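Visitor: Could you walk me through this one while I have it open on the screen? I would like to go through it side chain by side chain.

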Amino acid sequence: MSRMINLKNLFSEWGFTLKGLKDNRCGEWWLAGQLSIIVFQIMFFLIRISKTGFDLPLANLIFSFLMLLTGSFIGINGFIDLGKSLSPLPEPKQGSALITNGLYKHCRHPIYQALIILSIGMLLYCMDLLNIILLVLLSIVLIGKAKREEVKLKSIHNLYKSYMEKTPAIFARVPIFDWRD
């Protein structure tokens, strides 16, 4: 029972509400889209592994594994760097600190970067149109989610605008993933 209470407190701390699921007040729809795409991609990735095993060209296996490993490393470290400021919603938590160190020194959204790298890793393994579509959809959702998040971050953190000017959004020098002011 105490785990259920803790989970309820965590969701509440993140800003989840039933009204928000209806009207997207904290960006719940962005999160729902993100999670749906990720679940589909993982599901199709696991189905592909179960059907083909590791009977792929060696280059595909190596690059896929490296991307999955890199994405996992970045994602885990992004979670750690955010600490108590972590929220799955694009609405920053009340009283959250502006994190600009660790991975956030090099990229404003390293967790989104990690998700895209993981998606590329699954694409390199599967090499099919479905994974290309899922990668594109995930990128669109993460860009939209990040841009919504940044509007709020600029309004609550005085230093965020200067942080935006010097730090790439998701991938440096890739125009759709780097919208520095």
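**Charged pairs, helices and a surface patch**

Guide: A good place to begin is Glu-165, which forms a salt bridge with Lys-161, with 4.0 Å between the closest N and O atoms. Please keep in mind throughout that this is a predicted model.

Visitor: Where do Glu-165 and Lys-161 sit in helix H7 with respect to each other?

Guide: Helix H7 covers residues 160-166, and because Glu-165 and Lys-161 are four residues apart in it, about one helical turn separates them. Glu-165 is partly exposed, at a relative accessible area of 42%, and Lys-161 is partly exposed with a value of 42%.

Visitor: How many salt bridges does the count come to?

Guide: The count comes to six salt bridges. In general, side chains of opposite charge can pair when their charged atoms come close.

Visitor: What does Glu-150 pair with in a salt bridge?

Guide: Glu-150 meets Arg-108 in a salt bridge, side chain to side chain, at 2.6 Å from N to O. This pair links distant parts of the chain, since Glu-150 belongs to helix H6 while Arg-108 lies in the loop between H4 and H5, 42 residues apart.

Visitor: Are those two side chains buried or exposed?

Guide: Both Glu-150 and Arg-108 are buried. For Glu-150 the relative accessible area is 3%, and it counts as buried because the cut-off for that word is under 20%.

Visitor: And which residues does Glu-150 touch, leaving out those up to four places away in sequence?

Guide: With those left out, Glu-150 touches Arg-108, His-109, Tyr-160, Met-164 and Trp-179.

Visitor: What about Glu-91, what does that one form a salt bridge with?

Guide: Glu-91 forms a salt bridge with Lys-152, and their closest N and O atoms are 3.6 Å apart. Glu-91 lies in the loop between H4 and helix H5 (110-126), whereas Lys-152 is in helix H6 (residues 129-156), so the pair ties together parts that are 61 residues apart in sequence. Lys-152 is partly exposed, with a relative accessible area of 31%.

Visitor: Helices next. At what angle do the axes of H5 and H6 cross?

Guide: The axes of H5 and H6 cross at roughly 175° and come within 10 Å of each other. Angles over 145 degrees count as roughly antiparallel, and H5 and H6 are therefore described as roughly antiparallel to each other.

Visitor: Which residues in H5 and H6 meet?

Guide: On the H5 side the residues are Tyr-112, Leu-115, Ile-116, Ser-119, Ile-120, Met-122, Leu-123 and Cys-126. They meet Asn-131, Ile-132, Leu-135, Leu-138, Ser-139, Leu-142, Lys-145, Ala-146 and Glu-149 in H6.

Visitor: Switching to the surface, which residues make the nonpolar patch?

Guide: Leu-58, Ile-62, Phe-63, Phe-65, Leu-66 and Leu-69 make a nonpolar surface patch of about 620 Å². One of these, Ile-62, is found in helix H4, which runs over residues 58-82, and Ile-62 counts as partly exposed at 41% relative accessibility.

Visitor: How many Å apart in space are Lys-147 and Ile-62?

Guide: From C-alpha to C-alpha, Lys-147 and Ile-62 are 33 Å apart in space, and in sequence they are 85 residues apart. Lys-147 is found in helix H6 and is partly exposed, with a relative accessible area of 40%.

Visitor: Now the backbone. Which residue in the segment after H7 has a positive phi?

Guide: That residue is Arg-173, in the segment after H7, where phi is about 65° although the residue is not a glycine. Arg-173 is exposed, with a relative accessible area of 73%. For background, most residues other than glycine have a negative phi.

Visitor: And what is phi near at Asn-24?

Guide: Phi of Asn-24 is near 65°, again a positive value in a residue other than glycine. Asn-24 lies in the loop between helix H2 (18-23) and helix H3 (28-52), and Asn-24 is buried, with a relative accessible area of 12%.

Visitor: Last one: where is Leu-98 found, and which residues does Leu-98 touch?

Guide: Leu-98 is found in the loop between H4 and H5, and, not counting residues up to four places away in sequence, Leu-98 touches His-157, Leu-159 and Tyr-160. Leu-98 is partly exposed, with a relative accessible area of 25%, and its C-alpha atom is separated by 22 Å from that of Phe-73, 25 residues apart along the chain.

Methods. Residues numbered from 1 in each chain as written. Predicted model: local features only at pLDDT ≥ 70, side-chain atom pairs only at ≥ 80, totals over all residues. Heavy atoms only, no water. Patch = residues over 30% accessible without salt bridge, like charges linked within 9 Å, V, L, I, M, F, W, Y side chains within 5 Å. Areas by Shrake-Rupley, 256 points an atom, 1.4 Å probe, with all protein chains shown as cover. Helix = DSSP H or I, 4+ residues; strand = E, 2+ residues; numbered from the N terminus. Buried < 20%, exposed > 50% of the residue type's maximum accessible area, 1.4 Å probe, protein only. Contact = heavy atoms within 4.5 Å. Axes fitted to C-alpha atoms, helices over the stretch in contact; angles between N-to-C directions. Parallel < 35°, antiparallel > 145°, perpendicular 65-115°, else oblique.
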